[in-house]
Each structure stands twice: as C-alpha cells, then as structure tokens.
Amino acid sequence: MATAYKMKTCSISGKRFRANNKNFYVNNSSKDGLHPYHKKYDNFRRTTGASVDKVKELINLING
C-alpha cells in the first residue's frame with residue numbers, strides 16, 4: 001500500500017516536493033508553516049542576488 005505524502009509546489013520552479021522542513025524553510029506566518037520556495041532554489045536566488053522573477057525566467061529557459 002502506498003503512503004500518501006503531503007506535497008507542496010515551489011513558487012519559483014513550479015515543481016512539487018514533499019512538504020517538510022528538509023525541502024522548505026519554516027515560515028510561521030504561512031498556512032502550512034512552510035516558505036513557498038524550495039530550499040535549493042531559494043539558496044540559489046540568495047547567493048546570486050537575483051530576484052525571484054529572474055530565477056523563474058532562467059528556469060523557464062532551461063526547461064523550455
């Protein structure tokens with residue numbers, strides 16, 4: 001029998017990941033308690049200094 005995991009869509013990449021604190025930072029002000037960006041995409045955005053829109057554009061170019 002398959003186990004059902006709660007999934008969350010990353011607002012930057014549009015990809016779905018398990019909704020846990022390994023994949024998303026904790027954000028107490030959100031409904032589910034998790035930040036809307038996956039950790040790896042958010043860390044890339046922070047280290048490059050790029051805006052969310054620019055990272056989304058880059059991901060669309062890569063995936064398109």
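Which side chain is joined to that of Lys 8 by a polar contact of 2.7 Å? In this predicted model, the partner is the side chain of Asp 32. A good way to place that pair is to begin with the chain as a whole and then return to the two residues.

The secondary structure of the protein chain comes to two helices and four strands. Read along the sequence, the strands come before the helices, in the pattern β-β-β-β-α-α. The C-alpha trace spans about 40 × 30 × 15 Å along its principal axes. The chain has 64 residues, of which 30% count as buried. Its exposed surface is about 4,900 Å², and carbon and sulfur atoms supply 51% of that area. Among contacts with a separation of 6 or more, 31% are between residues 24 or more positions apart.

With that overview in place, the interior comes next. The largest nonpolar core has 10 residues in all: Cys 10, Ile 12, Phe 17, Phe 24, Leu 34, Tyr 37, Tyr 41, Val 52, Val 55 and Ile 59. Two elements, strand 4 (34–38) and helix 2 (52–63), each give two or more residues to this core. Helix 2 gives the most, with three residues. Tyr 37, a member of the core, has contacts well worth following in the structure. Apart from neighbours within four places in sequence, Tyr 37 is in contact with Cys 10, Ser 11, Ile 12, Asn 23, Phe 24, Asp 42, Arg 45 and Val 52. Of these partners, Cys 10, Ile 12, Phe 24 and Val 52 also belong to the core.

Helix 2 itself has 12 residues and reaches 16 Å from its first C-alpha to its last, close to the 16 Å expected at 1.5 Å a residue. Its buried residues are Val 52, Val 55 and Ile 59. These residues cover an arc of only 65° around the axis, so they lie on the same side of helix 2. Their cover includes strand 4 and helix 1 (39–48). On the other side of helix 2, the exposed residues are Asp 53, Lys 54, Asn 60 and Leu 61.

Helix 1 can be read in a similar manner. Which of its residues are buried? They are Tyr 41, Asp 42 and Arg 45. The arc that they cover around the axis is only 100°, which puts them on the same side of helix 1. Strand 2 (16–18), strand 3 (24–26), strand 4 and helix 2 are included in what covers these buried residues. Lys 40 and Thr 47, by contrast, are exposed on the other side of helix 1. Two of the buried residues, Asp 42 and Arg 45, are among the contacts of Tyr 37, while Tyr 41 is itself part of the largest nonpolar core. After helix 1 comes Gly 49, whose phi is positive, near 75°.

The loop between strand 3 and strand 4 leads back to the opening pair. Asn 28 has its place in this loop and is exposed, with a relative accessible area of 73%. Its C-alpha atom is separated by 24 Å from that of Val 55, and the two residues are 27 residues apart along the chain. Asp 32 is found in the loop between strand 3 and strand 4 too. With a relative accessible area of 42%, Asp 32 is partly exposed. A separation of 24 Å also lies between the C-alpha atoms of Asp 32 and Val 55, which are 23 residues apart along the chain.

The side chain of Asp 32 takes part in two polar contacts described here: one with the side chain of Lys 8 at 2.7 Å, and another with the side chain of Ser 30 at 3.3 Å. Lys 8 lies in strand 1 (residues 7–9). Is Lys 8 buried or exposed? Lys 8 counts as buried because its relative accessibility is 14%, below the cut-off of 20%. Leaving aside neighbours within four places in sequence, Lys 8 is in contact with Lys 15, Arg 16, Phe 17, Ala 19, Phe 24, Asp 32, Leu 34, His 35 and Pro 36. Among these contacts, Phe 17, Phe 24 and Leu 34 are members of the largest nonpolar core. The polar contact thus joins a buried residue of strand 1 to a partly exposed residue in the loop between strand 3 and strand 4.

Key. Residues are numbered from 1 along each chain as its sequence is written. This is a predicted model: local features need pLDDT of at least 70, side-chain atom pairs count only at pLDDT 80 or more; totals for chains, interfaces and linings use all residues. Side-chain values use heavy atoms; hydrogens and water are left out. A nonpolar core is a set of buried Ala, Val, Leu, Ile, Met, Phe, Trp, Tyr and Cys residues joined through side-chain atoms within 4.5 Å. Buried means under 20% relative accessible area, exposed over 50%, partly exposed in between (1.4 Å probe, protein chains only). Contact means heavy atoms within 4.5 Å. A polar contact is a pair of N or O atoms within 3.5 Å; within protein, one must be able to donate a hydrogen and the other to accept it, and residues adjacent in sequence count only if both atoms are side-chain atoms. The expected span of a helix is 1.5 Å times one less than its number of residues. The arc is that of the directions from the helix axis to the C-beta atoms. Accessible areas come from the Shrake-Rupley method with a 1.4 Å probe; for residues, only the protein chains shown count as cover.
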